[in-house]
Amino acid sequence: MQLFRMEGGGLIMKILICCGGGFSSSYVAMRMQKEIEERHLENQYQVDFLPFSLILEKIEEYDVIMLCPHLKMALTKLLNEYTLDKPIYLLPPRIYGMMTLDAIIEDGEDIINLFETHHKNPVVFPGEENLLRIKRNQSYRKTYGRIKPMDIRVFYSMNSDIHFIRETVFMKEQGFQNEFDEIDEHCTFVVLYIEDMPVATCRFYEKEGKWYIGRVCTLKEFRGHSYGTLVMQEAERKLHGQTDRLYLNAQVRASHFYETLGYKKTDIISDDEGVSHVLMYKEI
């Protein structure tokens, strides 16, 4: 975790809290900063506030930026226009204004670590994709435990980890017989590891001038934590600049998952071992 280095050598985590005009965030930040001073933690932490309109001017001065919930649309617009190399987190409505200093610090540390892993804004904790459904009133790690070390790796040929995930999901669980094909010989693969265990994967490849993502899967016991989303986002990141449109053949029953990631259905339906697939695409 990269933190700011103070004059004299120490490290300090600098947190910025933003709201629309700076009023509600000023209350939260001042309360946090007062507790920091009372606990003599000034050499370890700093919490400031700022109106969202000034975020571009100050973002490089902080390690993590936390936004009040109603800034979701404004943040989406900002991220469509700028690539920001600092972790940005939307505070859930139930949490905003109520969290303790310890909770802010713990979430801040975990947000930074998540961003360093997949470089995606806004940062989202596993299982907390919907802000309105988040009910915890303390830090993520105190509620669900520490986030296990995660690593996303890219491979240019099939290996035993990829084979294990796909065989487990598509053959043993879903009953497909012809899982591995000649396309695998020309693919790039993305694999997500949790504590060095392979748990999710996808592949991408070019065919007749078009780029495809496919074979997206996550081991059953690791679902519900957005790992499938993360491997797809990594594939999309690798393909950025190489194509304006990505395609995939999704199982019809799983098409809603891809729609949440921005993919749109076409009218082209195909059959793979008795399972209906729909061709989908996404502009990138």
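# A walk through the model

Start by selecting aspartate 184 and arginine 203: their side chains meet in a salt bridge, 2.6 Å from N to O. This pair ties together distant parts of the chain, with aspartate 184 in the loop between α6 and β7 and arginine 203 in strand β8, 19 residues apart. Both aspartate 184 and arginine 203 are buried. Keep in mind as you click around that this is a predicted model.

**Stop 1: strand β8 and its neighbours**

Stay with arginine 203 and colour the strand it belongs to, β8. Is β8 largely enclosed, or is it open? Eight of its eleven residues (the strand covers residues 197–207) are buried, so the rest of the structure largely encloses it.

Now add strand β7, residues 188–194, to your selection: it runs antiparallel to β8, and seven bridges join the two. Then add strand β9, residues 210–218, which is also antiparallel to β8 and joined to it by seven bridges.

You can step across the strands through one residue, threonine 201. In β8, threonine 201 is the bridge partner of valine 191. On the other side, cysteine 217 in β9 is the bridge partner of threonine 201. Show valine 191, threonine 201 and cysteine 217 as sticks to follow the path.

**Stop 2: the two turns**

Next, look at how the chain gets from one strand to the next. β7 and β8 form a hairpin with two residues between them, and glutamate 195 sits in the turn. Most residues other than glycine have a negative phi. Glutamate 195 goes the other way, with a positive phi near 50°. At 51% relative accessibility, it counts as exposed, because the cut-off for that is over 50%.

Slide along to the hairpin of β8 and β9: here too there are two residues between the strands, and glutamate 208 has a positive phi near 55°.

**Stop 3: more salt bridges**

Side chains of opposite charge can pair when their charged atoms come close. How many salt bridges are there? The count comes to 20.

Pick arginine 223 and glutamate 173, whose closest N and O atoms are 2.8 Å apart in a salt bridge. They come from distant parts of the chain, 50 residues apart: arginine 223 is in the loop between β9 and α7, and glutamate 173 is in helix α6, residues 160–173. Arginine 223 is partly exposed, at 36% relative accessibility, and glutamate 173 is partly exposed too, at 38%.

Now jump to arginine 245 and glutamate 283, another salt bridge, with the closest N and O atoms 2.4 Å apart. This one links strand β10 (residues 245–251), home of arginine 245, to strand β12 (residues 275–283), home of glutamate 283, and the two residues are 38 apart in the chain. Arginine 245 is partly exposed, with a relative accessible area of 30%, and glutamate 283 is partly exposed at 46%.

To finish this stop, select Arg166, Glu179, Asp181, Asp184, Arg203 and Arg215 together: salt bridges that share partners join them into one network. You will spot your opening pair, Asp184 and Arg203, in there.

**Stop 4: helix α4 and what follows**

Select residues 101–118 to light up helix α4, which has 18 residues and reaches 26 Å from its first C-alpha to its last, close to the 26 Å expected. Of those 18 residues, 14 are buried, so α4 is largely enclosed by the rest of the structure.

Just past the end of α4, histidine 119 takes a positive phi of about 50°. Move on to asparagine 121 and proline 122: a cis peptide bond joins them, with omega about -5°. Most peptide bonds are trans. Proline 122 lies in the loop between α4 and α5.

**Stop 5: empty spaces**

Which residues line the largest cavity? Select Val28, Leu91, Ile95, Tyr96, Gly97, Met99 and Ile104. The space they surround has a volume of about 30 Å³. Six of the lining residues are nonpolar, one is polar and none is charged.

Last, visit the second largest pocket, with about 260 Å³ of space. It is lined by 14 residues, and Tyr140, Arg146, Lys148, His225 and Tyr227 lie nearest its centre. Here the lining has seven nonpolar, three polar and four charged residues.

Terms used. Residues are numbered from 1 along each chain as its sequence is written. This is a predicted model: local features need pLDDT of at least 70, side-chain atom pairs count only at pLDDT 80 or more; totals for chains, interfaces and linings use all residues. Side-chain values use heavy atoms; hydrogens and water are left out. Helices (H or I, at least four residues) and strands (E, at least two) are DSSP runs, numbered from the N terminus. The expected span of a helix is 1.5 Å times one less than its number of residues. Buried means under 20% relative accessible area, exposed over 50%, partly exposed in between (1.4 Å probe, protein chains only). On a 1 Å grid over the protein atoms alone, a cavity is a set of points where a 1.4 Å probe fits but cannot get out, and a pocket is an open set with protein on both sides within 12 Å along at least five of seven lines; lining residues have an atom within 4 Å of a point. Grid points are joined across faces, edges and corners, and a volume is the space filled by probe spheres set on the points. Ala, Val, Leu, Ile, Met, Phe, Trp, Tyr, Cys and Pro count as nonpolar, Asp, Glu, Lys and Arg as charged, and the others, Gly among them, as polar. Two strands pair if DSSP finds at least two bridges between them. A salt bridge is a side-chain nitrogen of Lys or Arg within 4 Å of a carboxyl oxygen of Asp or Glu.
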